[in-house]
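Let's walk through this model together, starting with a charged residue and moving on to the nonpolar interior.

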Amino acid sequence: GYGAAKHALVATAVTDDGDKLIALRSVELDSSSGGPSFLSNAVYEHMKELQAKFGVPVTHIWLDAANETFGDDIRLLFRKNGVRRVVVDPCYKGKITGRIVLTQQLMNKERFGILIDDCERLHRAFSQAIWDPKSHGKRMKDKTGTVDILDAFEYSFNNKDKVLIRRDFEEVA
């Protein structure tokens, strides 16, 4: 999100053969005292750290932001720093049940991995998420940020869902 003080960044990778989804890093940021460029700079720094640590390029950044200027801010910062091959676009927000079922299927088939040391918050969020009893098909919003980190995780592979879905899965995404 762009206007909120709290933000979630999650990085994932899909193996070249499309067999596995791996959660690489999850972080939460508080931008309430960071100024207008705080979030763009944080995204840029995290991208550099990921590329250095894993030795593979970041190719996509999917934003959960209604404010188009946030994407423009990131693109401008990247261009200014010579980064030209990263797609920065709004994420696709498909049905939440489809995103959750796909993640569960990947877990059940042992096609999901998580780097626990770098994804502590995401790991904790998986165990804290519950359905909202008042609203069918929505997660319960709480003050822990569970929904935000899980949404960021699901959005992080939003353009790879068809690659991850195999013939033995019902297409739900």
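Is Arg-121 buried or exposed? Arg-121 is buried, because its relative accessible area is 7%; buried means under 20%, exposed over 50% and partly exposed in between, with a 1.4 Å probe and protein chains only. Keep in mind that this is a predicted model, where local features need pLDDT of at least 70, side-chain atom pairs count only at pLDDT 80 or more, and totals for chains, interfaces and linings use all residues. Residues are numbered from 1 along each chain as its sequence is written, and side-chain values use heavy atoms, leaving out hydrogens and water.

Arg-121 forms a salt bridge with Glu-28, at 3.1 Å from N to O (a side-chain nitrogen of Lys or Arg within 4 Å of a carboxyl oxygen of Asp or Glu). This pair joins helix α4 to strand β2, across 93 residues (helices are DSSP runs of H or I with at least four residues, strands runs of E with at least two, numbered from the N terminus). Glu-28 is partly exposed, at 40% relative accessibility.

Now for the nonpolar interior. The largest nonpolar core has 21 residues, and Val-43, Phe-78 and Val-86 are among those with the most contacts inside it (such a core is a set of buried Ala, Val, Leu, Ile, Met, Phe, Trp, Tyr and Cys residues joined through side-chain atoms within 4.5 Å). Helix α1 gives the most to this core, with six residues. Another core, of 16 residues, lies apart from it and includes Leu-106 and Phe-153.
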